Amino acid sequence: MKQKKSELPRKPRVPRHASPQSHEVRIIGGQWKRTKLAVADRPGLRPTPDRVRETLFNWLGQDLSGWRCIDAFAGTGALGFEAASRGAKEVTLVEQDSALVAQLKRVQTQLQASATQIVRGDGIAALKQLDPASMDVVFVDPPFDSVLFEAAVQAAGRAVAQDGFVYLEAPTLWTDAQLESAGLKLHRHLKAGAVHAHLLTRLG
């Protein structure tokens with residue numbers, strides 16, 4: 001007698017998180033548009049969603065030629081490499097995790113991204129070492145469960161040029177009252193899922 005399909009023994013389902021996964025992030029615009037970059041599977045790593053990055057670079061403008069940028073918590077490098085793809089003349093990507101630094105360097109080689117500099121180190125310390133008002137864009141995207149936001153925003157406010165921008169990605173909305181001590185104010189805001197994306201400018 002033929003066994004019914006519903007009665008056949010089922011193969012055990014393997015949980016998706018049982019083995020390390022590799023992910024991809026896509027560059028949205030510029031000379032490397034549509035290029036997919038491998039992303040290491042690391043605890044707490046949360047690449048900026050494509051939709052959020054697309055909105056951010058619409059806010060900044062498609063052409064970043066001549067801009068100086070720093071991605072202070074680089075992670076996947078999605079923000080920094082996106083800026084370089086759009087013509088930024090100098091992009092520093094700072095990351096503490098040695099495995100992520102190695103991956104960033106592989107991407108840098110893959111893209112032949114001569115305008116980028118990969119630095120292993122602390123993002124807040126790197127911001128504090130910059131000359132005041134020297135950056136056109138400061139990307140601030142610390143781990144959401146960290147206590148780094150206040151110090152990072154303060155350091156970013158010091159580093160950004162008078163007509164520059166700070167991009168802040170956080171789990172909560174930051175108000176002008178919270179930003180005032182850093183000399184910053186809210187220019188644009190987007191909420192996408194758990195992500196609050198802020199584009200900040202200097203006061204005055």
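**View 1. Strands β8 and β9 run antiparallel, joined by 8 bridges.** Welcome to a tour of this predicted model, beginning with one strand pair. Within this pair, His189 finds its bridge partner in β9, namely His198. Helix α1 packs on the sheet here, in contact with β6, β7, β8 and β9. The direction of α1 makes about 145° with that of β8.

**View 2. An open sheet of 7 strands has mixed pairing.** Follow the strands across in the order β5-β4-β3-β6-β7-β9-β8. At the edges sit β5 (residues 116-120) and β8, each of which pairs on one side only. From one strand to the next, the twist averages 15°.

**View 3. Helix α1, residues 50-60, has five residues to look for: Val52, Arg53, Leu56, Phe57 and Leu60 are its buried ones.** Looking down the axis of α1, you will find these buried residues within an arc of 125°, so they line one face of the helix. As general background, an α-helix has 3.6 residues a turn, so residues three or four places apart point the same way. The cover over the buried residues of α1 includes β1 (23-26), α2 (78-85) and β6 (135-140). Strands β7 (160-170), β8 (184-192) and β9 (195-202) also contribute to this cover. Just past the end of α1, look for Gly61, which adopts a positive phi of about 105°.

**View 4. The largest nonpolar core holds 35 residues.** Leu60, Phe81 and Phe139 are the members that touch the most others in this core. Helix α2 supplies the largest share, with 5 residues. Apart from this core lies another one, of 26 residues, including Phe149, Val153, Ala170 and Leu184.

**View 5. Phe139 and its contacts deserve a closer look.** Leaving aside residues up to four places away in sequence, Phe139 touches Leu56 and Phe57 of α1. The contacts of Phe139 also include Cys69, Ile70, Asp71, Ala72 and Phe73. Leu79, Ala83 and Tyr167 are touched by Phe139 as well.

**View 6. Ser98 belongs to helix α3, which spans residues 98-111.** Is Ser98 buried, partly exposed or exposed? Its relative accessibility is 42%, so Ser98 counts as partly exposed. Between Ser98 and Gly121 there are 9.3 Å from C-alpha to C-alpha, while the two lie 23 residues apart in sequence.

Technical notes: Residues are numbered from 1 along each chain as its sequence is written. This is a predicted model: local features need pLDDT of at least 70, side-chain atom pairs count only at pLDDT 80 or more; totals for chains, interfaces and linings use all residues. Side-chain values use heavy atoms; hydrogens and water are left out. Buried means under 20% relative accessible area, exposed over 50%, partly exposed in between (1.4 Å probe, protein chains only). Helices (H or I, at least four residues) and strands (E, at least two) are DSSP runs, numbered from the N terminus. The arc is that of the directions from the helix axis to the C-beta atoms. Contact means heavy atoms within 4.5 Å. A nonpolar core is a set of buried Ala, Val, Leu, Ile, Met, Phe, Trp, Tyr and Cys residues joined through side-chain atoms within 4.5 Å. Two strands pair if DSSP finds at least two bridges between them. Axes are lines fitted to C-alpha atoms, for helices over the stretch in contact, and angles run from 0 to 180 degrees between N-to-C directions.
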